[in-house]
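Student: Hey, I've just opened this one and I'm new to it. Can we walk through it together?
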Amino acid sequence: MTNTDFTLTSPLGDLASAGKPLLALTIVWHPERARVGEQFIGATGGDIVELNRFAPAFMHPGGSGLPLGHGGVSRQPLRLARDEHDGVAMTLPASAMVVEVNGQVATGSLYFSAAEVASGQVLSLGRAVVLCLHWMTRLPTLDAVPGLHGVGSAGLSVREQIRMVARTSLPVLLLGETGTGKEIAARAIHALSDRAEAPLVAVNMAALGEPLAATSLFGVAEGAQASREGLFAQADGATLFLDEIGSTPAAMQPMLLRVLEGGDYRPVGAARDRHSSARLIAASDQDLDGAAFNQALLHRLAGFVIRMPPLRARREDIGVLIVELLREQGIEAALPAALVAELASYDWPGNVRQLAHVLQRAALILNSGATPTLAQLVRSPRPQMQAQPAPAPTQAPATEAPAARRRPSALSDGEVLEAMTANDWNIQAAAGALGISRPSLYKLLEDHPDIRRAETIPEDDIARAMSQCAGDVERCAALLRTPAEALRRRWRLLRPD
């Protein structure tokens with residue numbers, strides 16, 4: 001059996017029945033940007049791939065296959081041989097082409113364990129073409145989902161689950177680290193649902209203190225203070241997205257459970273219940289299985305659970321994401337292949353959101369005529385796992401020590417403002433820098449004399465700032481002195497188009 005027996009048009013669709021994943025190479029970067037994301041898919045075991053300028057063929061799903069073709073890639077083959085343990089031995093070509101692995105120049109023979117291939121190995125050929133060596137557990141398909149991009153198995157799985165659940169009425173729980181795209185997934189579920197013509201109403205539960213939570217969610221009845229409509233009323237017949245659900249005040253959790261069980265809730269000061277048919281989507285980057293979170297509520301929220309993979313677990317997607325983020329941000333700068341290889345090898349603690357910020361910084365540096373380095377673009381780069389010369393043992397990746405925990409009451413207003421400014425007005429990053437939790441930081445922000453709440457900023461002020469900042473939410477947040485995520489949500493509510 002040869003590699004050509006397993007192509008993107010092969011009848012092998014259910015890889016789970018094969019028992020083993022397919023060995024794959026994805027183009028992370030190529031001088032022809034349209035080729036980023038093309039893939040070569042190998043076989044399930046014992047295969048040998050000879051990689052050079054003229055072979056093998058890479059393709060997008062449904063497209064025509066082409067070799068790498070670039071003059072910087074050697075005519076002599078780089079050999080990848082998979083063994084019975086799913087390790088992959090790499091033999092360098094007999095040529096002058098520089099081959100780099102995870103940003104380091106490779107010499108001699110190298111060996112990647114099955115686990116190292118699973119984590120993605122970044123190969124740079126001739127300092128011009130960047131590839132990712134990884135496993136595929138399913139064949140690529142044309143499966144566009146609004147806002148979600150990627151060609152690897154993890155991204156394909158998430159999009160498949162979103163399409164599966166979108167047209168149901170099930171509550172959905174999105175789990176994943178900060179920056180993995182949970183809100184984008186929520187918006188995609190809504191956009192593909194039968195409620196797409198109605199609004200998606202979003203709220204960050206960590207930003208709601210206990211006194212505000214009930215009135216914000218359920219509203220205030222006429223005659224009880226100033227009457228106002230709650231979020232469940234606003235989302236009746238639509239979708240309600242509760243971000244950071246793990247930070248819901250304990251007193252509110254049984255009330256949410258009641259709404260999930262029957263759709264009934266009672267506004268503050270009301271004598272009788274009201275009903276909402278809102279479809280609920282919740283998201284969290286916390287462990288919700290602990291005793292601190294109402295487990296009955298968790299079971300109701302988890303009608304359908306989607307786990308958003310971290311970016312370091314989908315390195316094969318980084319090139320596709322870079323292309324899409326550059327397009328979304330209107331950035332025309334050409335990134336050097338060496339920089340893309342560094343970006344693909346980085347650990348991305350802030351995930352896709354951090355990548356977007358890094359690309360903005362890279363564009364500024366490139367536009368000034370300089371060439372950016374990874375150290376300039378990320379504030380605390382982590383050492384990466386490196387491929388080891390066979391038969392040396394695999395080394396575990398180094399980890400970065402977390403910031404020392406601090407009492408929120410010990411922090412000054414100046415320290416809080418400095419942390420927000422230094423971290424692009426990103427709550428998660430600033431909380432980490434200060435050594436406190438996100439809910440604690442939200443409480444500090446509520447009382448801060450120099451930081452504004454996004455929901456209190458007049459629409460005209462936001463519109464002027466967005467125009468001044470050319471739609472860059474992070475720059476706008478810095479200008480208005482308000483958290484970027486809250487500002488993004490408010491702007492989407494004000495200007496849904």
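Tutor: Sure. Keep in mind that this is a predicted model. Let's begin with Trp 348, which counts as buried because its relative accessibility is 0%.

Student: What about Tyr 346, buried or exposed?
Tutor: Tyr 346 is buried, with a relative accessibility of 1%.

Student: How many aromatic pairs turn up in the whole structure?
Tutor: A search of the whole structure gives five aromatic pairs. One of them joins Tyr 346 and Trp 348, with ring centres 4.8 Å apart and planes at 85 degrees, so that pair is edge-to-face. Angles over 60 degrees get that label.

Student: Which residues do ring pairs link into a cluster?
Tutor: That would be Phe 218, Phe 232 and Tyr 265.

Student: New topic, cysteines. How many disulfides are there?
Tutor: The count is zero.

Student: Why is there no bond between Cys 469 and Cys 476?
Tutor: The sulfur of Cys 469 has its closest cysteine sulfur in Cys 476, but they are 5.0 Å apart, so that is too far for a bond. A disulfide needs the two sulfur atoms within 2.5 Å.

Student: And Cys 469 itself, is that one buried or exposed?
Tutor: Buried, at a relative accessible area of 5%. Cys 132 is buried too, and its relative accessible area is 0%.

Student: Okay, on to helices. What do people use to describe two packed ones?
Tutor: They use the angle between the axes and the distance between the axes.

Student: So what are the values for H2 and H3?
Tutor: Helix H2 covers residues 153-166 and helix H3 covers residues 182-191; their axes come within 8 Å and cross at roughly 40 degrees. That angle makes H2 oblique to H3.

Student: Which way does H2 pass H3, left-handed or right-handed?
Tutor: The crossing is right-handed.

Student: Which residues meet there?
Tutor: From H2 you have Ile 162, Val 165 and Ala 166, and they meet Ala 185, Ala 188 and Ile 189 of H3.

Student: How about H15 and H17, at what angle do they cross?
Tutor: Roughly 105 degrees, with the axes coming within 11 Å. H15 spans residues 459-468, and H17 spans residues 484-494. At that angle, H15 is roughly perpendicular to H17.

Student: And which residues make the contact?
Tutor: H15 brings Glu 459, Ile 462, Ala 463 and Met 466, while H17 brings Leu 487, Arg 490, Trp 491 and Leu 494.

Technical notes
Residues numbered from 1 in each chain as written. Predicted model: local features only at pLDDT ≥ 70, side-chain atom pairs only at ≥ 80, totals over all residues. Heavy atoms only, no water. Phe/Tyr/Trp six-rings, centres within 6.5 Å; stacked < 30°, edge-to-face > 60°. Buried < 20%, exposed > 50% of the residue type's maximum accessible area, 1.4 Å probe, protein only. Axes fitted to C-alpha atoms, helices over the stretch in contact; angles between N-to-C directions. Helix = DSSP H or I, 4+ residues; strand = E, 2+ residues; numbered from the N terminus. Parallel < 35°, antiparallel > 145°, perpendicular 65-115°, else oblique. Left-handed = near helix turned anticlockwise from the far one by under 90°. Contact = heavy atoms within 4.5 Å.
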